[in-house]
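Me: Please take me through this structure by question and answer, with the cut-offs stated for each term.

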Amino acid sequence: MKQPFYITTTLPYVNTKAHVGHALEFIRADTLARYKALTGFEVFLNTGADEHGVKIYQKAKEEGRDVQEYVDEYAKHLEDLTIKLGMARDVDGITFNFTRTTNKEHTEAAKKFWNICKENGYIEKRKYKGLYCVSDELFIPEKDLVNGRCPNHPDKDLEEVEEENYFFKASAFSEELVDLYENNPDFIFPKERLNEMKSLVEKGLEDFSISRLAEKMPWGIPVPYDPEQVMYVWFDALVNYINVIGWPDDLDSFNKWWPVTQYCGKDNTRQQAAMWQSMLMAANLPPSRRIVVNGFVTSGGVKMSKSLGNIVDPLELIDEFGIDALRYYVLREVNPFEDSDLTKKRFLEVYNANLVNGLGNLVSRVMKMSEDFGVSYTNEQITEVIEAEREDVFSVDSKYREGAEEYRFNDAMDAVFKVVQETDEFIQKEEPFKVIKENKEKALQDVFTCVHSVIKISQMLLPMMPETSEKIVQAVLENKKPEEPIFPRK
Ligand SMILES: [Zn+2]
């Protein structure tokens, strides 16, 4: 029986159109899922839309729209993005799931989760006065204020909230969390993020408010037995990670898949690696398996923003360059854990240099020689080579494998492009296009060696650039140069 492996992204908030940060996280989680499936795991891949909270409520009201209709529309944008990015819907060994936090199963699970935490003594009602950042959907403690404002949103006023709320006693779990980090040094990737989290939690976690008065903010899941309150958006949304694999109704399924490997952005580390883990502890559930933290994608060295006009739209890039060009960029050119830059100019440079002139050109060149010289092989022979290469890639090529296992797909990509470069050099050195005139046998052999390398490349690309991988295999099976270049020059 195959070993189960469960991967989730964070669920993007539906108040905005999909941006490149979402694309980055979706592509990486998808690549990991494909890699795991190819190496013998049965994979569950989850993503979806986070649909409650003040921000959405206010935005819908501003636009004079029905809130449900508003979230329906934006959830659709996100789901479309997962399709455009080629997330693994029909791939052997992968179950793909797109969830929405307004669906009934989720709503019921969140209530059940609340009740368990309350029965266990970790939820209580208190009078509360605090400053709320709507953009972050977080209360900002006095000590974190910068000029009286949220450090992440210096241009926005905080909302003063004074009401009676339910509180989650996160402070009860500070020690247990530190133990979790200390006993599992791989719990958060990269290590620097783990150290940050550890020093934060060592200072002691603060209890936090997990409900709002429905009269002021009705857009949320009602608190069980208290219709005057709705749940705080984070508290409800995080429960999706256990609900989508069966909790609380199908515990066999839950136990099969749990614990999870989670992807998140670095502005989310605290919520995923501390808040969520303390909630799991409060409900007597085991912690996540791992949190993988992505850096930000900047543009021209600064945050992308409407006012700066430097937003790069992932959908536009896909329309112009194709999905695998974007997958290539975020897997290889964006640092796996630190902030990286993406501008249209840089994208175009990299596209032409590495995909058009590098990979695409090599495939065309090799297949053209193979076609012209009449290198002959049967589909059976080729299928054998393909299968052998797939085995080899996943078991022998250590740089590739370690990169993929440790979420550094840039290293796995480097390993692919090393083969591209070596094959180019081999052609340069052996010159089969000249040798063919005097020693046909040697030339044919050399070209077949190149075809073999191209097959190796196609198999290495399977989890990262599945469409390209398929195109290469197709050209090899037809034994001819692709009619359309795999990467047209731009
Ligand atoms: Zn903020």
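Reply: A residue is buried if 20 or more other C-beta atoms lie within 10 Å of its own, exposed if 12 or fewer, and partly exposed in between, the C-beta atoms being placed from the backbone. The model is predicted: local features need pLDDT of at least 70 and side-chain atom pairs count only at pLDDT 80 or more, while totals for chains, interfaces and linings use all residues. Residues are numbered from 1 along each chain as its sequence is written.

Me: Is Val366 buried or exposed?
Reply: Val366 has its place in helix H13, residues 344-373. Helices (H or I, at least four residues) and strands (E, at least two) are DSSP runs, numbered from the N terminus. Because 28 other C-beta atoms lie within 10 Å of Val366, this residue is buried.

Me: Which residues does Val366 touch, not counting residues up to four places away in sequence?
Reply: Contact requires that the C-beta atoms of two residues, placed from the backbone, lie within 7 Å. Pro227 is 69 Å from Val366, C-alpha to C-alpha, and 139 residues apart in sequence. Those that Val366 touches are Val447, Cys450, Val451 and Val454.

Me: What class of exposure does Gly295 have?
Reply: Gly295 is found in the loop between strand S13 (290-294) and strand S14 (297-299). Leaving aside neighbours within four places in sequence, its contacts include Lys266, Asn335 and Asp339. Asp339 is 44 residues away in sequence and 4.4 Å away in space, C-alpha to C-alpha. Because Gly295 has 18 C-beta neighbours inside 10 Å, it counts as partly exposed.

Me: Which strands stand at the edges of the open sheet S5-S4-S6-S8?
Reply: Four strands form this sheet in the order S5-S4-S6-S8, with antiparallel pairing. Two strands pair if DSSP finds at least two bridges between them. Each edge strand has a single partner strand, so one side of each is left without a neighbour in the sheet; these are S5 (138-139) and S8 (208-209).

Me: Which residue in S5 is the bridge partner of Cys133?
Reply: Strand S4 (residues 123-133) pairs with S5 in the antiparallel sense over two bridges. In S5, the bridge partner of Cys133 is Leu138.

Me: What is the radius of gyration of the protein chain?
Reply: The protein chain has 19 helices and 16 strands. The globule rule (2.2 Å times the number of residues to the power 0.38, with the radius taken over C-alpha atoms) gives 23 Å for 490 residues. The chain is close to that value, so it is as compact as a globular protein of that length, with a radius of gyration of 25 Å.
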